[in-house]
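Me: Could you take one part of this structure and look at it closely with me, going slowly enough for a first-year student? After that, please show me how the neighbouring parts are put together.

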Amino acid sequence: MKRSSHRDLVALLLCLGVLSLLPAVIDTRRMPYLFDVLFSVNVAVLLASSWNILGGFAGQVSFGHAGFAGIGAYAVALLPHHLQWSPWLSLPFAGIAAMIAAILVGGIAFRLRGPYFALSTLALAEVARLVVEGWRSFTEGTQGVVIQQKPLYLFEADGALFYITSLWLAGIALLAVITIGQSKSRYFLHAVGESEEAASALGVDAWRCKMSALLPSAFLAGMAGGILALHTGFLDPESAFSISRSVEPIILTVVGGIGTALGPVVGAVILVPACEFLRSRFPTGHLLLYGVLLVVFMRFMHGGILGMVRRKRL
Amino acid sequence: MNLMIIENVSKKFGGIAALKNLDLAVEKGRILGVIGPNGAGKTTLINVITGYEKVDAGKINYDGKDISKLPPHVRARHGIVRTFQIPRCFAGLTVLENIMIPVLLRHSRGEAERRARSIAERMLLGDDLHKQAETLPVGGLKLLELARAYAASPRILLLDEPMGGLSQDRMEPIIRLIREMREDGLTIILVEHVMKAVVALADILAVLNFGERLAHGRPCDVMKLKAVRDAYLGEGHA
């Protein structure tokens, strides 16, 4: 491992360690809203980083990350429901279920050229929603599933546990992004993203390359859906496969800085609290204001916030 | 000794035949020039050899094996490497990174960088190593495309109009580089419209017309043929 990798890993672990101490300093029962917002930021970092691996590094735009997240959410909801497992133990299966869906989608769509992958991810979310709605005996259909928020060993399922779990999941996502960003694969992913034909002409296996980005991306998106479902305690197809869950990671990544490890973090840390603030201050017009904010970001910050900072430094 | 033998290859797009029962052989260490009017099937020939188009009929033998069913990246790893008529350099990467990509498939990052630097120097890109590829002029992009293909360790290099769009003075270094590659033992198929370059480089010349081989032989002999003059060169080249 290179020295810069060690440095980044140590910095990441230090940040995670320090941020994990927050519930020890601030009582979560006295400030539940703060921890809800922090939880949302962590999940947004997780979901946006997962999108960034695929869309940012590999240039394969997914319009249906809600599909992977929703499948992960249903894995967390249905395993305890049918097998009486602990919802917490079901969490890794959220990632695995999303990865299986990714193998099906990518296995076929990545053999085609052009916009087929983007379209098939869009279809995945919609097909998954229809399957969940139709298969009532297994999924409870549109009625939804209640997920009991059971303790994890000695820890109560409170704001602190959700905050710390989501924080470390976001940390794992960042570690994955940093690892890819510093590996040889980064060059192959970039090449395939820019021109699959040119990359193949040099010996790069474009299909394998794209799958190597899709699988971790889907796994992390599934985990994001799983922890969100656990936190909410209830899951229905409408919320699990909501289009906004596909759009949000794209916006956060583009605003923060696409194809950079810290872009999704910057996007999430700024936009999620900003959205919460606007929602609390302007309950009727917050989406309009959020839209204006996004237009301003897109208009004046090419390459995202990180891109602008880099240009200023130069 | 022939490194590649194209046997009776046909390729149709809809009802139009791009290649018709084409036979060609490429001798090891030689340059085969391929000329012909627009739509003669020159780029299709490169596409079927490199796997970007599947042949409808016929075989492509490379080093004694039929490669007609292999995907492009596997053919490239076997040493069949191409360039594109319009350079497809990775715009968001630097010149050095562009050249490193094929080398990284076989070597560590340190070794890949060392080899890529050496190739860049040879290909007259030594001063542009850290420039983004998108900032290079057309001549630079053509050189980068050539350098990147060379970095993929080809045994046979297929060049699709490497002089296209270049001024006379920009062509000279590319002609010199291609000649040097041949002197290193590389086998080359050169598809080109610039006759001066073809004559200067090709050991054997094949003329395609409507997907068929119109003529084949030494450039000086081929260019004297009336059929070739009528189909492609015009009377001025007689």
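Reply: In this predicted model, L159(B) has L190(B), a residue of strand 8 of chain B, as its bridge partner. That pair belongs to a longer stretch of pairing, for strand 7 (residues 156-160) of chain B and strand 8 (residues 187-191) of chain B run parallel and are joined by five bridges. In general, the strands of a sheet pair through backbone hydrogen bonds, and the pairing may be either parallel or antiparallel.

If you now follow the pairing outward from these two strands, you arrive at an open sheet of six strands in chain B, whose order is 6-7-8-3-9-10 and whose pairing is mixed. Its edges are formed by strand 6 (80-82) and strand 10 (212-217) of chain B, each of which pairs on one side only. On average, and with direction ignored, neighbouring strands of this sheet are turned by 20° against each other.

Chain B also touches the other chain, since 23 residues of chain B are in contact with 16 residues of chain A. On the chain A side of this contact, helix 9 and helix 10 (196-201) each supply at least two residues, and helix 9 of chain A gives the most, with five residues. The residues that chain A places on this side divide into eight nonpolar, four polar and four charged.

Helix 9 of chain A deserves a second look, because its angle to helix 11 of chain A makes the two helices roughly perpendicular to each other. Helix 9 (residues 185-194) of chain A packs against helix 11 (residues 206-232) of chain A at an angle of about 110°, and their axes are 10 Å apart. The crossing of helix 9 of chain A past helix 11 of chain A is left-handed. From helix 9 of chain A come S185(A), F188(A), L189(A) and V192(A), which meet A206(A), C209(A), K210(A), S212(A) and A213(A) of helix 11 of chain A. Sorted by kind, the residues of this contact between helix 9 of chain A and helix 11 of chain A are six nonpolar, two polar and one charged.

Finally, stepping back to the whole of chain A, you will find 16 helices and two strands. The C-alpha atoms of chain A fill a box of roughly 55 × 45 × 45 Å along the principal axes. A compact globule with 314 residues would have a radius of gyration near 20 Å, and the 19 Å of chain A agrees with that.

Definitions and conventions: Residues numbered from 1 in each chain as written. Chains lettered and ligands numbered in written order. Predicted model: local features only at pLDDT ≥ 70, side-chain atom pairs only at ≥ 80, totals over all residues. Axes fitted to C-alpha atoms, helices over the stretch in contact; angles between N-to-C directions. Helix = DSSP H or I, 4+ residues; strand = E, 2+ residues; numbered from the N terminus. Parallel < 35°, antiparallel > 145°, perpendicular 65-115°, else oblique. Left-handed = near helix turned anticlockwise from the far one by under 90°. Contact = placed C-beta atoms within 7 Å. Nonpolar A, V, L, I, M, F, W, Y, C, P; charged D, E, K, R; others polar. Pairing = 2+ DSSP bridges. Rg over C-alpha atoms; globule rule 2.2 N^0.38 Å.
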